Amino acid sequence: MSDLGELNRGTVPGAADPVKALLHRHHDLCRRAVDPLEIAAGLEAHGITDRTAARFRHRDVFSLAEELYARVPRDDDPPHPVPPGAAPRDRAALLLPLLPGAVCAASVAALRHTDGETRLYAAAGGILALTLALRAVLRRGPLSIPAHAPRPAATASWTCWLIGYALLGDGLLHLAITGGPDGPPDGTGGGHWPLATAPALALALACAPAAWTTRLFTGRARRRLGSSRGLEDFTASVRPVLLGTFALFLLALAALLATASALLDEPVALPGTLALGALLFLARLLTVHGFTHAPKVILMTTAGAQATALATVFAARLPGCAALSAPVETLTAWHPAAVPALSCGAAALTLLVHASRRLPRASAHLPPGRAR
């Protein structure tokens, strides 16, 4: 039962001092908090709004949090950990996101300068090295999930599918429409089943701006938490920061894609790559802040849509099933990258709306290790 519900019923214990009753209810939160801002975020997570704070004789949640923080004795408490916003910058964590891009660039170069069995070994080694590099980036730094938080199940599998489709999917789809494929990909961008190496390289290089913009958003939000007076004021000030951070990442990804396409002499697959990059960035940003369900569902749905598009083209070869591939053939005739652009674009837009509602909340910026 929420505190607001009890107030509406007039059953809050200790009505003469309602703050005392609230302190008793949230004693653990108040005792472990490193500052009043953390208490304010925790109270919001428990359903207490500025209107509720007025019933506790305070103008807003931040004022109420300050009194709760002041009432909890801390003389014998162990030293509190430094809040993330005040922690010194970890240079290794800032430089680590450059690793996936460097590994992917080396792998692409190896594929272009080898052939036959050697190229196969180069591809396998590149995939393994890139997987380890991404694992390191997602376990340390701005893109990492706090140690106490549950790991979202199956999200990595759907992410791998989406990246794999960006590398091989459109080539396979076009081959399937024309009756192929006649063999496996040869590891180049000019074979009968071409690899889209420029989008893959751009996405790997974009790990760095993704990490840096995530750190920028988290730091700015934490500072706004300290300067805002009221939850509505905080939300209104953080939402433009979120949208600006998202736009900054897309600009960086577009620049990286243009550069990679020019260096590799490949077409600039802008719509599909930007849509996929936006989707993966928003999914990770939400996951880092503790919102794991929506990213998992959206990534799974998007991967399912792309798999269905491929399946319908192959199923159309069965007797009497030719009509199954008509929607996909119409889309690809309109634009070669229509399937990934539309599927990832719709998914990214859905996550952007979700993120604009969840991430500007004060409770989304609790320090790691604190309950929401």
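Colleague: Which residues does leucine 359 touch, not counting residues up to four places away in sequence?
Modeller: This is a predicted model. Leave out the residues up to four places away in sequence. Leucine 359 then touches Phe217, Val238, Leu242, Leu285, Leu286, His289, Phe291, Ala364 and His365.

Colleague: Which helix gives the most to the largest nonpolar core?
Modeller: The largest nonpolar core has 44 residues, and Leu359 is among the five that touch the most other members. Helices α11, α12, α13, α14, α15 and α17 each supply at least two residues of this core. The top giver, with ten residues, is α14.

Colleague: How many residues make up the second, separate core?
Modeller: Its members include Leu173, Leu310, Val313 and Val339. Val339 is also one of the buried residues of α17. The count for this second core is eleven residues.

Colleague: What span should α17 have, at 1.5 Å a residue?
Modeller: Helix α17 has 21 residues. Its end C-alpha atoms are 30 Å apart, which agrees with the expected span. That expected span is 1.5 Å times one less than the number of residues, so α17 should span 30 Å.

Colleague: Is α8 roughly parallel or antiparallel to α9?
Modeller: The axes of α8 and α9 come within 9 Å and cross at roughly 175 degrees. Angles over 145 degrees count as roughly antiparallel. Therefore α8 is, relative to α9, roughly antiparallel.

Colleague: How many residues of the contact of α8 with α9 are nonpolar?
Modeller: Helix α8 brings residues including Leu99, Val103 and Leu111, while α9 brings Arg119, Gly126 and Leu130, among others. Two residues of the contact are polar and one is charged. The nonpolar ones number 13.

Definitions and conventions
Residues numbered from 1 in each chain as written. Predicted model: local features only at pLDDT ≥ 70, side-chain atom pairs only at ≥ 80, totals over all residues. Heavy atoms only, no water. Axes fitted to C-alpha atoms, helices over the stretch in contact; angles between N-to-C directions. Helix = DSSP H or I, 4+ residues; strand = E, 2+ residues; numbered from the N terminus. Parallel < 35°, antiparallel > 145°, perpendicular 65-115°, else oblique. Contact = heavy atoms within 4.5 Å. Nonpolar A, V, L, I, M, F, W, Y, C, P; charged D, E, K, R; others polar. Core = buried A, V, L, I, M, F, W, Y, C linked by side-chain atoms within 4.5 Å. Buried < 20%, exposed > 50% of the residue type's maximum accessible area, 1.4 Å probe, protein only.
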